[in-house]
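Student: I'm new to this one. Please pick a single part and take a close look at it with me.

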Amino acid sequence: MKSRWQILIVDDEEVMAESLAAWLREDGYSVDTASSGRAAVARSRETDYAIYFVDLKMPGGMDGIETMMEIRRLRPDASVIIITAYATVDTAIAAMKEGAQEYIVKPCNPEEISLLVDRIIKVKNLQLENQMLRKRLTGQYEYRDIITKDAKMQAILELVRDVASLRSTVLIRGASGTGKELIARAIHYSGDRASAPFVAVSCASLAESLLESELFGYEKGAFTGAAAQTKGKFELADGGTIFLDEIGDISPKLQADLLRVLQERRFYRLGGTAEIQVDARVIAATNKDLAGEVREGRFRDDLYYRLNVIEISVPPLSQRRGDIPHLARHFVARLSSEIGKNVDGIGEDALKILLDYDWPGNIRELENAVERAIVTTRNRVLCADDFGFLNSLLRGPANVALPPVPLQDLEKMAIEAALGRTQGNIKEAAAALGIDRSTLYEKVKKYNIERR
Amino acid sequence: MKLACIVSVGFVEEPVLSEAEVLLSQEFGFEVERLPARPPPAAAFDVSRSQWSAVEFMKDLVRIRPPGASKIFGLTSDDLFVPVLSFLFGQAQLGGAAALVSTARLRQEFYGLPSNQELLLTRVRKEILHEMGHTLGLVHCPDRSCAMCLSTSLEQVDTKRDGYCRPCGLSVDTRMRALAEDAE
């Protein structure tokens with residue numbers, strides 16, 4: 001794919017710049033020109049060009065080498081090719097020393113330019129692919145990788161950025177499937193611990209004794225089957241971050257052990273006598289109401305306060321419906337290439353179904369629904385029919401027989417539900433209820449309904 | 001019907017001109033009009049390079065295009081250049097009206113070989129298809145046998161067919177249809 005890469009040609013002679021631009025455009029590249037070093041630097045601030053062709057000799061105070069140095073300062077990843085009419089060894093050496101990738105003498109063979117650009121673009125494509133693969137492989141997601149336009153989520157991402165480089169413990173709350181681990185990874189990979197490990201442990205999936213050895217490691221012979229000394233997750237996360245998912249599910253004993261690690265930053269391996277010191281940042285997550293668990297005596301309050309230094313509460317998908325189209329399109333793009341099916345997009349009718357659905361399983365459920373639709377579809381663009389399976393889920397509750405209630409109460413309930421779902425947005429709620437705005441205003445007043 | 005004009009800039013032998021005429025009418029369905037031959041623009045010759053500036057040729061073509069013509073195709077025997085490149089087989093306005101092909105480096109004689117008219121005409125056809133494709137907005141095609149493949153050497157010109165690959169052919173058809181609708 002060529003069109004993704006943009007090229008800037010910097011030459012004070014317009015005919016020179018334009019003829020090279022025309023040549024490269026015929027090759028499918030998107031090409032701009034600039035007539036001076038200053039103009040080039042200004043353009044490079046706005047656009048991230050992949051390749052710069054810079055004429056060595058330009059009037060107006062900024063020659064090719066100076067222009068290149070400024071561009072390289074602004075855009076260290078860009079490739080600069082110096083063009084000159086006068087080949088001298090000195091200028092060639094100077095240009096290469098300052099970071100020019102290539103040096104060409106005009107007029108040059110057309111083949112030379114084509115090969116040169118092809119070669120640079122090939123390397124850039126490989127770099128990009130490598131970055132993407134690495135991201136997929138290691139799950140190194142930064143806050144930028146989280147897809148949202150929702151104001152509440154934006155505020156969370158701002159908080160993620162702010163706390164990324166702190167050492168403080170973070171407690172992430174949210175229903176399952178809302179992306180708690182993604183937020184945890186974003187905190188880790190956006191901060192200064194990014195190059196150190198991110199170790200995730202799901203506390204709910206392991207029995208107490210197993211979880212203990214998993215977290216703290218064990219010495220050889222500590223228990224039957226402990227054949228060799230093994231490091232625990234806390235040790236593996238030294239210098240980095242340990243992510244304790246579903247922290248609300250751990251036993252009282254482990255709660256005590258964990259508290260000790262959080263307070264003293266040291267612990268013993270199972271069966272070990274040597275104290276081990278670690279520097280691991282702790283991020284915990286839960287879908288439970290931990291404060292409630294504390295009140296009921298199921299979770300230690302001292303551990304709760306240790307964990308809850310910074311609290312991030314991730315909203316369920318039903319409260320950020322505006323993100324559903326972005327997320328759905330993202331999943332279509334990613335999953336269609338993963339599954340290997342030629343699906344280019346998602347139709348408006350399908351999006352409407354997704355917007356109307358309640359998503360109790362949140363983003364994970366949305367991802368699974370998109371995957372199911374891609375697998376079963378015969379279309380290039382996903383349509384409403386491909387999400388037919390959601391409809392049966394939607395209609396489920398409608399069949400439930402309602403107890404006899406005054407019609408007015410039903411109306412009030414429907415309006416409250418609609419306003420709740422649209423977070424008080426009258427226009428959207430009216431559309432959902434199939435009445436116009438003024439009618440909705442009247443009814444809100446009549447029933448004395450609170451708009452959040 | 002869409003109109004395309006052919007013009008010889010400097011001397012161009014008759015077989016080359018009629019080859020172009022046949023190609024534009026049969027392959028693209030143009031009504032073809034031959035304009036009177038004209039001398040190369042005075043400013044086009046570069047003494048130090050002993051070559052002709054394609055930019056000046058193109059400016060001239062754009063200027064003389066009759067109002068009713070959707071394309072103007074220049075043919076020349078002069079050796080063309082643009083400032084940054086050492087030579088050109090041809091040039092076109094991407095998605096525009098004007099295109100230009102030089103026979104200078106398509107001739108066997110340029111490389112010290114015996115003349116071969118049939119080969120010359122085949123190469124001319126390929127280059128006309130290529131430059132016409134550009135005026136229709138097509139960019140280079142990765143298929144080495146397609147006329148839209150970039151060729152910077154004669155070997156590459158000879159490698160490709162005097163026809164488009166399927167996707168390029170479909171694009172040409174689509175854009176020619178759009179052109180016909182515009183004309184109506």
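Tutor: Let's start with a term: helices (H or I, at least four residues) and strands (E, at least two) are DSSP runs, numbered from the N terminus. This is a predicted model, where local features need pLDDT of at least 70, side-chain atom pairs count only at pLDDT 80 or more, and totals for chains, interfaces and linings use all residues. Residues are numbered from 1 along each chain, chains are lettered from A and ligands numbered from 1 in written order, and side-chain values use heavy atoms, without hydrogens or water.

With that settled, try Phe110(B), which sits in the loop running from strand S9 (98-102) to helix H3 (117-135) of chain B. Phe110(B) has a relative accessible area of 40%, so it counts as partly exposed (buried is under 20%, exposed over 50%, partly exposed in between, with a 1.4 Å probe and protein chains only).

Now the part I'd like to look at closely: the meeting place of chain A and chain B. Putting the two together buries about 1600 Å², and carbon and sulfur atoms account for 69% of that (buried area is the accessible area, 1.4 Å probe, that two parts lose on being put together, summed over both). The contact draws 17 residues from chain A and 19 residues from chain B, contact being heavy atoms within 4.5 Å. Five residue pairs across the interface are in polar contact, both partners at pLDDT 80 or more (N or O atoms within 3.5 Å; within protein, one able to donate a hydrogen and the other to accept it, and sequence-adjacent residues counting only if both atoms are side-chain atoms). On the chain A side, helix H1 (14-26) and H5 each bring at least two residues to the surface that touches chain B. The largest share of that side, seven residues, belongs to H1(A).

Zoom in on Pro107(A), in the loop between strand S5 (102-105) and helix H5 (110-138) of chain A. Its touching partners on the other chain are Arg49(B), Pro83(B), Val84(B), Leu85(B) and Ser86(B), once residues up to four places away in sequence are left out. Even so, Pro107(A) is partly exposed, at 38% relative accessible area. Within chain A, Pro107(A) and Ala85(A) lie 22 residues apart along the chain, with 7.3 Å between their C-alpha atoms.

What does the rest of the partner chain look like? Chain B holds five helices and nine strands, in the order β-α-β-β-β-α-β-β-β-β-β-α-α-α from the N terminus. It has 184 residues, 55% of them buried. Among its contacts with a separation of 6 or more, 67% join residues 24 or more positions apart.

One example of a link along that chain is Arg175(B), in helix H5 (residues 166-183). Beyond its neighbours within four places in sequence, Arg175(B) contacts Leu136(B), Gly137(B) and Leu138(B). Arg175(B) and Gly137(B) are 38 residues apart in sequence, and 8.3 Å separates them from C-alpha to C-alpha. Arg175(B) is partly exposed, at 37% relative accessible area.

For another arginine, go to Arg320(A), which lies in the loop between strand S14 (310-313) and helix H13 (324-339) of chain A. Arg320(A) is at 2% relative accessibility, so it counts as buried. Its side chain makes a polar contact with the side chain of Asp323(A), at 3.0 Å. Neighbours within four places aside, Arg320(A) has contacts that include Ile147(A), Asp150(A), Leu327(A) and Gln423(A).
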